[in-house]
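Work through the exercises below with the model open beside you. Try each task before you read its solution.

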Amino acid sequence: MEWVSMAEHSDVVDEINDPGAAPYGNFINYYTFNPPENRLSLIPPSLLEDLGCRDETTLILDVGCNSGELSVAFYKHLVPEPASEEESDRRSVHLLGFDLDETLVQRAQVINRLHSRITFIPLDITEDTDQLRDYLSLHGCSHFHLCLCLAVTMWVHLNHGDSGLLQLLSRLASMSQHLLLEAQPWKCYRSAARRLRKLGRSDFDHFKTLKIRGDVTEHAREHLERHCGMELIQSFGSTAWDRKLLLFRKR
Ligand SMILES: C[S@@+](CC[C@H](N)C(=O)[O-])C[C@H]1O[C@@H](n2cnc3c(N)ncnc32)[C@H](O)[C@@H]1O
């Protein structure tokens with residue numbers, strides 16, 4: 001749907017729609033086309049309380065945060081301004097956003113006004129994740145209370161194959177108590193590959209050999225439930241781009 005909906009605005013979206021220019025989904029103006037509100041309108045502001053995140057410190061991880069607009073908006077959506085200094089000292093919520101695209105991360109750092117609470121770093125989730133462990137230790141936590149993995153799975157899948165996708169899910173599950181997942185449906189894969197070919201580029205490394213195809217969200221659910229000790233606890237419905245927002249919890 002990512003590609004399908006965007007094609008409707010073809011004049012403006014060439015850049016964002018061009019997988020040659022953004023082979024990892026690292027679109028430079030993503031939030032022009034998919035504003036934070038599209039997802040936030042489905043998420044109750046009380047989510048952290050609903051999940052029982054009442055610890056002194058609550059940690060949120062945002063995987064593939066792009067230029068940070070959704071991360072910051074998500075944080076503000078879930079975390080009300082503290083009523084007093086005392087309240088602010090008592091309970092703190094921190095968000096770590098990361099993306100493999102350093103230019104996008106730099107932009108995220110510039111728009112971020114909540115430096116003491118929100119941090120953006122460059123990181124490729126398919127590589128070494130020591131920095132995530134370091135961040136957890138810095139805050140004295142063994143896991144992230146909530147991990148957001150929104151519109152990232154397809155890019156990891158296309159660039160790193162089935163094993164890359166499953167490893168991503170396992171990795172996130174191993175460090176998170178809750179996982180909010182928005183996986184792109186299969187039609188987005190076809191559109192992404194088609195557009196790449198149109199540009200005269202070779203296919204994504206793994207597109208033709210993927211065994212996980214069709215209902216990718218269901219495959220992801222199965223992997224998380226069978227192999228990662230997680231269970232689906234809620235579906236927040238579908239976004240304007242017809243993608244499910246699913247919430248998993250560590251059993
Ligand atoms: C389509 S955007 C989605 C951005 C954001 N998560 C959202 O839903 O609004 C996908 C983002 O994932 C990032 N990404 C893709 N593969 C990644 C990887 N292996 N590690 C970290 N970020 C990655 C891209 O650079 C891009 O910014």
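Two residues are in contact if their C-beta atoms, placed from the backbone, lie within 7 Å. Keep in mind that this model is predicted.

**Exercise 1. Find which residues Leu-148 is in contact with, leaving aside its neighbours within four places in sequence.**

Solution.
- Step 1. Apply the 7 Å cut-off between C-beta atoms.
- Step 2. Leave out the neighbours within four places in sequence; Leu-148 then contacts Ile-60, Leu-61, Asp-62 and Val-63.
- Step 3. Add Phe-74 and Leu-180 to finish the list.
- Step 4. Place Leu-148 in the largest nonpolar core, which has 57 residues. Leu-148 is among those with the most contacts inside this core, as are Val-63, Cys-147, Cys-149, Leu-169 and Leu-179.
- Step 5. Helix H10 (residues 153-174) gives this core its largest share, 10 residues.

**Exercise 2. Work out the order of the 7 strands in the open sheet.**

Solution.
- Step 1. Count the elements: the protein chain has 12 helices and 7 strands.
- Step 2. Read across the sheet: S3-S2-S1-S4-S5-S7-S6, with mixed pairing.
- Step 3. Find the edges. Strand S3 (118-122) and S6 each pair on one side only.
- Step 4. Check the turn: neighbouring strands are at 20° to each other on average, direction ignored.
- Step 5. Recall how strands join: they pair through backbone hydrogen bonds, either parallel or antiparallel.
- Step 6. Look at one pair. Strand S2 (residues 92-99) and S3 are parallel, over 5 bridges. Here Leu-96 stands opposite Thr-119 in S3.
- Step 7. Add a helix: H12 lies across strand S5 (178-182), S6 and strand S7 (244-250). H12 runs at about 155° to S6.

**Exercise 3. Decide how exposed Gly-229 counts as, given its C-beta neighbours inside 10 Å.**

Solution.
- Step 1. Locate Gly-229: the loop between helix H12 (216-227) and strand S6 (230-238).
- Step 2. Take the cut-offs: 20 or more neighbours is buried, 12 or fewer is exposed.
- Step 3. Gly-229 has 14 such neighbours, so Gly-229 counts as partly exposed.
- Step 4. List its partners: not counting residues up to four places away in sequence, Gly-229 touches Ala-173, Lys-250 and Arg-251.
- Step 5. Compare with the whole chain: buried residues make up 36% of the 251 residues.

**Exercise 4. Describe the residues that surround the ligand.**

Solution.
- Step 1. Count the shell: 20 residues.
- Step 2. Name the closest: Gly-25, Asn-26, Gly-64, Asn-66 and Leu-150.
- Step 3. Sort the shell: 12 nonpolar, 5 polar and 3 charged.

Notes: Residues numbered from 1 in each chain as written. Predicted model: local features only at pLDDT ≥ 70, side-chain atom pairs only at ≥ 80, totals over all residues. Near = placed C-beta within 6 Å. Nonpolar A, V, L, I, M, F, W, Y, C, P; charged D, E, K, R; others polar. Helix = DSSP H or I, 4+ residues; strand = E, 2+ residues; numbered from the N terminus. Core = buried A, V, L, I, M, F, W, Y, C linked by C-beta atoms within 7 Å. Pairing = 2+ DSSP bridges. Axes fitted to C-alpha atoms, helices over the stretch in contact; angles between N-to-C directions.
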